[in-house]
Amino acid sequence: MVDDTRNSWQVERLAGALGAEVRGADLSQTDEMDAAVIRRLLAEHMVIFFPDQQLDREAHLRLGAFFGPLEGHPNLKNPYSDQGEIFELAATAGGIADEWHTDLTFLPEPALMSILRMVKCPETGGDTMWTSLCAAYDALSEPLKELCDGLSALHDSHPHDRADRMAIHPVVRVHPETGRKALYVNEHFTRRIVEMGQVESDALLGLLTRWVQQPRFTVRHRWREGTVGIWDNRCTQHYVLDDFEGERVINRVTVMGDRPEGVKEGQRWQPWVIGRRGSAMARHDRQLKRFLRDGSAAAD
Ligand SMILES: O=C(O)CCC(=O)C(=O)O
Ligand SMILES: [Fe+2]
């Protein structure tokens with residue numbers, strides 16, 4: 001238990017790799033000094049939880065605005081027409097995020113931070129897990145680190161039926177504040193290693209996306225209504241357990257991000273799109289080829 005000097009907030013680490021619970025804060029009264037403390041806690045813990053908060057939607061938006069411009073969800077419906085930056089997931093409406101992901105990595109500038117307010121949750125089940133992409137990178141062998149440092153990957157929003165929305169990001173992202181390297185690929189949105197053919201790409205992405213899910217890199221949070229969870233999307237992924245009955249509703253406010261930076265001098269290979277035109281294998285390269293040519297294009 002560490003006492004924060006300014007706010008006398010009590011901060012308790014929750015796992016070896018990431019995660020902390022913060023008590024003694026009233027997020028509805030957040031000011032610039034509190035926001036600075038939250039930024040610092042986030043840089044250290046990657047995901048932080050504030051139990052017993054009384055945030056309404058206005059206060060939720062106000063809190064988010066301390067950290068930068070907000071964005072609604074580009075593909076999914078936002079339920080509050082006058083508060084378009086609030087994104088809601090309700091389990092009974094099909095909103096259970098039970099695949100490991102970082103939010104919105106199919107955008108050229110994926111979300112920096114997400115702020116979740118637990119509106120309604122089951123008595124048991126429906127926990128969320130986060131994983132530290134920095135711990136995952138650090139645990140790789142040296143040869144694999146060096147390989148990954150030089151790669152980039154295509155991400156698309158196929159899970160939202162919008163496979164035409166794509167972006168290419170470095171496989172290893174350097175966190176702009178901490179300087180730590182993060183393994184920035186996820187099974188939900190990442191489709192293809194740009195510098196490899198489809199067969200190699202599938203094998204490596206399969207390995208890396210499973211690698212980041214190892215329990216030793218994760219923290220698991222059991223929710224109560226009113227808890228607010230804030231995470232840094234530049235160095236984490238998350239996953240919701242679909243092990244509950246009944247309703248579970250979250251509201252999320254999302255802070256816009258910037259273009260991910262890779263490892264300097266890391267990237268040294270050209271895209272690998274060699275399928276001979278008309279060959280059966282060439283179809284696997286179509287999406288990447290079109291994106292490289294046009295910047296966006298419908299996937300097959
Ligand atoms: O429901 C949750 O706990 C998290 C949902 C999610 O993936 C998100 O809000 O980004
Ligand atoms: Fe998410």
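The following exercises, each with a worked solution, concern a predicted model.

**Exercise 1. Ligand shell**

Determine which residues surround ligand 1, which elements supply two or more of them, and how the shell divides by class.

*Solution.*
Step 1. The residues around ligand 1 are Leu 89, Ala 97, Asp 103, Ser 114, Leu 116, Thr 128, His 238, Val 240, Ile 250 and Arg 252.
Step 2. Two or more of these residues come from each of β7 (113–120), β16 (236–240) and β17 (249–255).
Step 3. Sorted by class, the shell comprises five nonpolar, three polar and two charged residues.

**Exercise 2. Strand β15**

Establish whether the residues of β15 (residues 228–232) are buried or exposed, and identify which of them point each way.

*Solution.*
Step 1. The criterion for a buried residue is that 20 or more other C-beta atoms lie within 10 Å of its own.
Step 2. By this criterion, five of the five residues of β15 are buried.
Step 3. Val 228, Ile 230 and Asp 232 point one way, while Gly 229 and Trp 231 point the other way.

**Exercise 3. Partners of β15**

Find the strands that pair with β15 and give a residue pair for β4 and for β7.

*Solution.*
Step 1. Strand β4 (residues 47–50) runs antiparallel to β15, and four bridges join the two.
Step 2. Within this pairing, Phe 49 has Gly 229 as its bridge partner.
Step 3. Strand β7 is likewise antiparallel to β15, with five bridges.
Step 4. Here Ile 115 is placed opposite Ile 230.

**Exercise 4. The sheet containing β8**

State the strand order of the open sheet that contains β8 and explain why β14 and β16 are its edges.

*Solution.*
Step 1. The order of the three strands is β14-β8-β16, with antiparallel pairing.
Step 2. β14 (218–221) and β16 each have a single partner strand, so one side of each lacks a neighbour in the sheet.
Step 3. On average, neighbouring strands of this sheet are turned by 20° against each other, direction ignored.
Step 4. Five bridges connect β8 (residues 128–132) with β16, and Trp 130 has His 238 as its bridge partner in β16.

**Exercise 5. The sheet containing β9**

Repeat the analysis for the open sheet that contains β9.

*Solution.*
Step 1. The three strands follow the order β10-β9-β13 and pair antiparallel.
Step 2. The edges are β10 (162–170) and β13 (190–193); each has a single partner strand, so one side of each is without a neighbour in the sheet.
Step 3. The average turn between neighbouring strands of this sheet is 25°, direction ignored.
Step 4. Six bridges link β9 (residues 152–157) to β10, where Arg 162 stands opposite Ser 157.

Conventions. Residues numbered from 1 in each chain as written. Chains lettered and ligands numbered in written order. Predicted model: local features only at pLDDT ≥ 70, side-chain atom pairs only at ≥ 80, totals over all residues. Near = placed C-beta within 6 Å. Nonpolar A, V, L, I, M, F, W, Y, C, P; charged D, E, K, R; others polar. Buried ≥ 20, exposed ≤ 12 C-beta atoms within 10 Å, placed from the backbone. Pairing = 2+ DSSP bridges. Axes fitted to C-alpha atoms, helices over the stretch in contact; angles between N-to-C directions.
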